[in-house]
Amino acid sequence: MQLTAVVLATYTSGAAGSADMEMLARLCGHSPHQAEEFLDRLVASRSLAAWHYCRDTDEVAWRLSFQVRVGRAAVQQ
């Protein structure tokens, strides 16, 4: 799950990000189905506020939770 969080951070700008699901899964070393499970776990752990997968474009999008956004802002200062 930590590797997934690091990959998501790479593709996050501000409080949101998006990436191709196949690429995301490949970078994390697992299948697209497993990527969905990890994204659900990141929402459950409150690292992500939400995520959405668009099957038509194979694009996954996410929003960071408020808690993570505040933490990132403190680190950048």
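**Note on the predicted fold**

1. The secondary structure of this protein chain amounts to four helices and four strands, and the reader should keep in mind that the model is a predicted one. Followed along the sequence, these elements come in the pattern α-β-β-α-α-β-β-α.

2. The four strands make up an open sheet, in which they lie in the order E1-E2-E4-E3 and pair in the antiparallel sense. Its edges are strand E1, residues 12-13, and strand E3, residues 48-54, each of which pairs on one side only. As background, the strands of a sheet pair through backbone hydrogen bonds, and the pairing may be either parallel or antiparallel.

3. Within this sheet, E1 and strand E2, which spans residues 16-20, are held in antiparallel pairing by two bridges, and here Thr-12 is found opposite Gly-17 of E2. Strands E3 and E4, also antiparallel, are joined by six bridges, with Trp-51 standing opposite Trp-62 in E4. E3 and E4 together form a hairpin that leaves four residues between the two strands, and in its turn Asp-58 has a positive phi of about 60°.

4. What packs on the sheet? Helix H3, made of residues 32-44, does so by touching E3 and strand E4 (59-64), and the direction of H3 makes an angle of about 155° with that of E3.

5. Helix H1, residues 2-10, deserves a closer look, since its buried residues are Thr-4, Val-7 and Leu-8. These three lie on the same side of H1 because they cover an arc of only 100° around the axis. The general background is that an α-helix has 3.6 residues a turn, so residues three or four places apart point the same way. On the other side of H1, by contrast, the exposed residues Gln-2, Val-6 and Thr-10 are found.

6. Which elements cover the buried residues of H1? The cover includes strand E1, helix H2 (21-28), helix H3, and the strands E3 and E4, so that both helices and strands take part in it.

7. For the chain as a whole, buried residues account for 30% of the 77 residues. The accessible surface of the protein chain is about 4900 Å², and 54% of that surface belongs to carbon and sulfur atoms. Finally, if one takes the contacts between residues at least 6 apart in sequence, 45% of them join residues that are at least 24 apart.

Key:
Residues are numbered from 1 along each chain as its sequence is written. This is a predicted model: local features need pLDDT of at least 70, side-chain atom pairs count only at pLDDT 80 or more; totals for chains, interfaces and linings use all residues. Side-chain values use heavy atoms; hydrogens and water are left out. Two strands pair if DSSP finds at least two bridges between them. Contact means heavy atoms within 4.5 Å. Axes are lines fitted to C-alpha atoms, for helices over the stretch in contact, and angles run from 0 to 180 degrees between N-to-C directions. Buried means under 20% relative accessible area, exposed over 50%, partly exposed in between (1.4 Å probe, protein chains only). The arc is that of the directions from the helix axis to the C-beta atoms. Accessible areas come from the Shrake-Rupley method with a 1.4 Å probe; for residues, only the protein chains shown count as cover.
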